[in-house]
Amino acid sequence: MDPFASIADLAEGLRTRTFSSRELTQAYLDRIQRLDGQLNSFITVTAEQALAQAEAADAQLANGSAGPLTGIPIAHKDLFCTQGVRTSCGSRMLDNFVAPYDATVVERLQQAGMVMLGKTNMDEYAMGSSCENSYYGAASNPWNPDRVPGGSSGGAAAAVAAGLAPIATGTDTGGSIRQPAAFCGISGLKPTYGRVSRYGMVAFASSLDQGGPMGRTVEDLSLVLGAMAGFDHRDSTSTEQSAAELDALRSVRIGLAPERLKVGLPTEYFQALTDAGLATLLDEARRALEGRGVQFVEVSLPHTAAAVPCYYVLASAEASTNLSRYDGVRYGYRCENPKDLNDLYQRSRSEAFGAEVKRRILTGTYALSVGYYEAYYRKAQQVRRLIRDDFVKAFESVDMLLAPTCPNAAFGKGQLVSDPVAMYQQDIFTIPASLAGVPALALPCGFSEQLPMGLQLIGPHFSEQRLLGLGQIYQTETDWHRRHPQLGE
Amino acid sequence: MSVDTKDITGLSRLAKLALLPDELTQVTADLDRIIAMVDALAEVDTDGVAPLAHPLDAVQRMRPDAVTEEVDRDHFQGIAPATQDGLYLVPRVVE
């Protein structure tokens, strides 16, 4: 079987008994064991559980009770709680943390019959754009091991790109699904805020965090999104979605007429784009879609430049609050021989959090401090409304937007670690959609100097069906998503 | 706005982080640059703009006031660093 096959094709192979789920699962586990030494894309591999789940899936396939995803392996970002399996969030703080329950996303995909291969590497607490901030060591980009895979869902992107998993879950707060997808040449979707339950996702910035699928094809993303999305009473910001709406996510091309679609090209994004190679690739992508009748017009999102500063105030403020729960008392890391309660708190947190997490906690503490709250936190919330309204206004005249995913191809390991502000600018094209809560789809759109590049389709709230529909049309016109890296055996 | 090591020492106390001397110097330099970057917000005209806390302007959902889940203390305390008789243990607070 082809480790780079789409899950739609793998499901066909399972249905026709070309191979069993156990054989399929074993094939991916073998590849992980053989090749992941080069990538460090997994933190934990759950071989035994995976084979047991695969056997259960094979029984369902044999007795006719299987669904479209039954028996398909998947890798979960190590930020989704998994009962009985460590959820580290890439941090020393949670190195010993075994969640007493499953995240809703994990539970739903398991109910759909998917087989968990393991938990993927990530920047600590999802804070980072390079997967270098992991307690378990940096992950590598399978296209070039000296480059980063992107972050924070860098392990997920590297694993899918290298054929170590056919599909993976990720989470996106400011670009953590889309940017690694672009850097590794795969497809990734950040759904509308509220589309996918956050229950059991370790919290970073709760008003922005959103889980989503990362895979090889748009069709694969739509199949998995349909299974992971939906209302969840255990997430207070989850949105009601009808069964018909969730079904529609799995059959995205029905009713889509590209010749009636009008796509906006945001002026501010293209003005900020300095990579000539990427500009050419985006132009080619536009022409490919024009060939299918899609119309393009320029639109303006006037507050784009304020998005990165706005995000780093709000996300850091929320992070400083969310991460106050790690106190060395109830779970997670606890320092040795604390001399008093304050020492217990301070040393447990200081010894277990990495440099970037400490920077964000302190930035957030600053923004929320007396005297600075109005100038930073409240101001950023006001700017967030202006950014959200830019999108709402743009979508009055266009159906969606076409933009770059990242300003450049995957950068070198170590290149930006000493310059946090330069690292933050990597998220310039992904952050605005996160602040606005709108869905955005990252797709591979070609190569520049042997490294994959990504485009981004951004739509109005709850327009995933249309985004995925146009994404699928793009992938019938191009074959960038079918390219994969060659790893040395 | 710029920050110095005294400001960062105060912030780290609030955030319950104990920074080593080298860390303090580095974090002060980093935060100074981060704050210079976010200071760009001041240039945006936000007169009369209401703060946005939720991208869909949703408000907290209400639910019936009914017991839906039982708290299984032993199960949850199984992952705690130190417990005794159902209590979490911390260093002595009251002499």
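**Exercise 1. Two helices of chain B**

Show why α1(B) and α2(B) count as roughly perpendicular to each other.

*Solution.* A word on the material comes before the steps. This is a predicted model, in which local features need pLDDT of at least 70 and side-chain atom pairs count only at pLDDT 80 or more, while totals for chains, interfaces and linings use all residues. Residues are numbered from 1 along each chain as its sequence is written, and chains are lettered from A and ligands numbered from 1 in the order in which they are written.

Step 1: find the helices. α1(B) covers residues 5–14 and α2(B) covers residues 21–38. Helices (H or I, at least four residues) and strands (E, at least two) are DSSP runs, numbered from the N terminus.

Step 2: look at the axes. They come within 9 Å and cross at roughly 100 degrees. Each axis is a line fitted to C-alpha atoms over the stretch in contact, and angles run from 0 to 180 degrees between N-to-C directions.

Step 3: name the angle. Under 35 degrees is roughly parallel, over 145 roughly antiparallel, 65 to 115 roughly perpendicular, and the rest oblique. The pair α1(B) and α2(B) is therefore roughly perpendicular.

Step 4: list the partners. B:Thr5, B:Ile8 and B:Thr9 of α1(B) meet B:Leu24, B:Val27, B:Thr28 and B:Leu31 of α2(B). Contact here means C-beta atoms, placed from the backbone, within 7 Å. Sorted by class, the residues of this contact are 4 nonpolar, 3 polar and no charged. (Ala, Val, Leu, Ile, Met, Phe, Trp, Tyr, Cys and Pro count as nonpolar, Asp, Glu, Lys and Arg as charged, and the others, Gly among them, as polar.)

**Exercise 2. Where the chains meet**

Describe the side of chain A that touches chain B, then pick out one helix pair across it.

*Solution.* Step 1: count. On chain A, 53 residues are in contact with 40 residues of chain B.

Step 2: find the elements. Those of chain A giving two or more residues to this side are α11 (307–322), α12 (341–352), α13 (355–367), α14 (374–397) and α15 (420–425). The largest share, 11 residues, belongs to α14(A).

Step 3: sort by class. This side of chain A holds 25 nonpolar, 15 polar and 13 charged residues.

Step 4: zoom in on one pair. α11(A) and α2(B) have axes 8 Å apart and pack at an angle of about 125 degrees, which makes α11(A) oblique to α2(B). A:Pro309, A:Tyr312 and A:Val313 face B:Ile34, B:Met37 and B:Val38 in this contact. Its class count is 6 nonpolar, no polar and no charged residues.

**Exercise 3. Reading one helix from both sides**

Which residues of α10(A) are buried, and which are exposed on the other side?

*Solution.* Step 1: check the length. α10(A) runs over residues 276–290, has 15 residues and reaches 21 Å from its first C-alpha to its last, close to the 21 Å expected at 1.5 Å a residue. (The expected span is 1.5 Å times one less than the number of residues.)

Step 2: find the buried residues. A:Leu278, A:Leu281, A:Leu282, A:Ala285 and A:Leu289 are buried. A residue is buried if 20 or more other C-beta atoms lie within 10 Å of its own, exposed if 12 or fewer, and partly exposed in between; these C-beta atoms are placed from the backbone.

Step 3: look down the axis. The buried residues of α10(A) fall within an arc of 100 degrees, so they line one face of the helix. The arc is that of the directions from the helix axis to the C-beta atoms.

Step 4: turn the helix over. A:Ala276, A:Asp283 and A:Arg287 are exposed on the other side.

Step 5: find the cover. The buried residues of α10(A) are covered by elements of chain A including β9 (400–404), β10 (440–448), β11 (451–458) and α17 (464–477).

**Exercise 4. Unusual backbone angles**

Is A:Tyr125 buried or exposed, and is A:Asn337 buried or exposed?

*Solution.* Step 1: recall the background. Most residues other than glycine have a negative phi, and most peptide bonds are trans.

Step 2: take A:Tyr125. Its phi is positive, about 55 degrees, although it is not a glycine. A:Tyr125 sits in the loop between β3 and α5 of chain A, and is buried, with 29 other C-beta atoms within 10 Å.

Step 3: take A:Asn337. Here phi is positive at about 45 degrees, again without being a glycine. A:Asn337 belongs to the loop between α11 and α12 of chain A, and is exposed, with 8 other C-beta atoms within 10 Å.

Step 4: add a peptide bond. The one from A:Gly151 to A:Ser152 is cis, with omega near 10 degrees. A:Ser152 is in the loop between β3 (115–120) and α5 (154–161) of chain A.

Methods: Two residues are in contact if their C-beta atoms, placed from the backbone, lie within 7 Å.
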